[in-house]
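Biologist: Got a minute to go through this model with me? Let's start at the surface and then work inwards.
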Amino acid sequence: MYDIKHDGRHKARCAADGQLTNVPVDSVYSGVISLRGIQMLIFLAELNQLERWATNIGNAYLEAKTLEKLYIIAGPEFGIREGRILVIFKALYGLRTSGLRWHERLSIVLKSLGFEPCKAEPDIWLKRSGNVYEYIGVYVDDLALAMKEPQDFIDILVNDHKFKLKGTSHIQFHLGWDFFRDEDGTLCMAPRKYVDKLIQNYERMFGEK
């Protein structure tokens, strides 16, 4: 199936018909950091002279295993395996609990690296480093990092945990927000690219400003 992103891009995904299964009683979503949490994380990074990076974990749900008991009967697109019963063990997009399974997977990784969830906002993870704390803000598969040496953390995710990262760099654009410094050198955040894209889409669809 194709997922339509907020800017009109189409992303192909291998998805399951999770809507055909029973609705779970418990919450099954992956957690997200709040806008206030992002602002606080960036402020603390600036205050403590930490590096501010951002990265995205590609196809994050497929990094987790599902606990739902699922199988399919292979169609002709599976070639010589047509007609066979195939058991699904990956947390495919579309399943009821895939968000939660991915959140659990990432939590295990972060705890193994010494991070603990903030009690006030559980999707801010923190770890003491000398006389300061280092922080990770989690929005499903988008990570905002405030660290002394973020490249070391990135290397661990890639080499030890085999995550496929993209967009890894000093934080310039994250969760729809641009990060920049004004004439006085003050770090600022504003959704400039997001607004520009919305305006372009409107003009393309309606032919006027």
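Biologist: Is I73 buried or exposed?
Modeller: This is a predicted model. In it, I73 counts as exposed, because its relative accessibility is 57% and the cut-off for exposed is over 50%.
Biologist: Where is I73 placed?
Modeller: I73 is in strand β4.
Biologist: Which residues form the nonpolar patch on the surface?
Modeller: I73 joins Y71, I85 and V87 there. Together they have about 470 Å² of accessible area.
Biologist: And which elements give two or more residues to that patch?
Modeller: β4 (65-73) and β5 (85-90).
Biologist: Now inside. How many residues does the largest nonpolar core have?
Modeller: The count is 21. Among those with the most contacts inside it are L106, L110, I136 and F153. At least two residues each come from β3, α2, β8, β9 and α3. α2 gives the most, with four.
Biologist: Any second core?
Modeller: There is a separate one of 15 residues, including I33, I42, I124 and I171.
Biologist: Back to I136. What is I136 in contact with, leaving aside neighbours within four places in sequence?
Modeller: The list includes L41, L110, F115, D123, W125, L143, M147 and F153. I124 is on the list too.
Biologist: Change of topic: helix α3. Which of its residues are buried?
Modeller: In α3 (residues 150-159), P150, F153, I154 and L157 are buried. They lie on the same side of α3, because they cover an arc of only 100 degrees around the axis.
Biologist: What do the buried residues of α3 pack against?
Modeller: One helix, α2 (98-112), plus β3 (51-57), β8 (132-139), β9 (142-147) and β10 (165-170).

Note on methods: Residues numbered from 1 in each chain as written. Predicted model: local features only at pLDDT ≥ 70, side-chain atom pairs only at ≥ 80, totals over all residues. Heavy atoms only, no water. Buried < 20%, exposed > 50% of the residue type's maximum accessible area, 1.4 Å probe, protein only. Arc of directions from axis to C-beta. Contact = heavy atoms within 4.5 Å. Patch = residues over 30% accessible without salt bridge, like charges linked within 9 Å, V, L, I, M, F, W, Y side chains within 5 Å. Areas by Shrake-Rupley, 256 points an atom, 1.4 Å probe, with all protein chains shown as cover. Salt bridge = Lys/Arg side-chain N within 4 Å of Asp/Glu carboxyl O. Core = buried A, V, L, I, M, F, W, Y, C linked by side-chain atoms within 4.5 Å.
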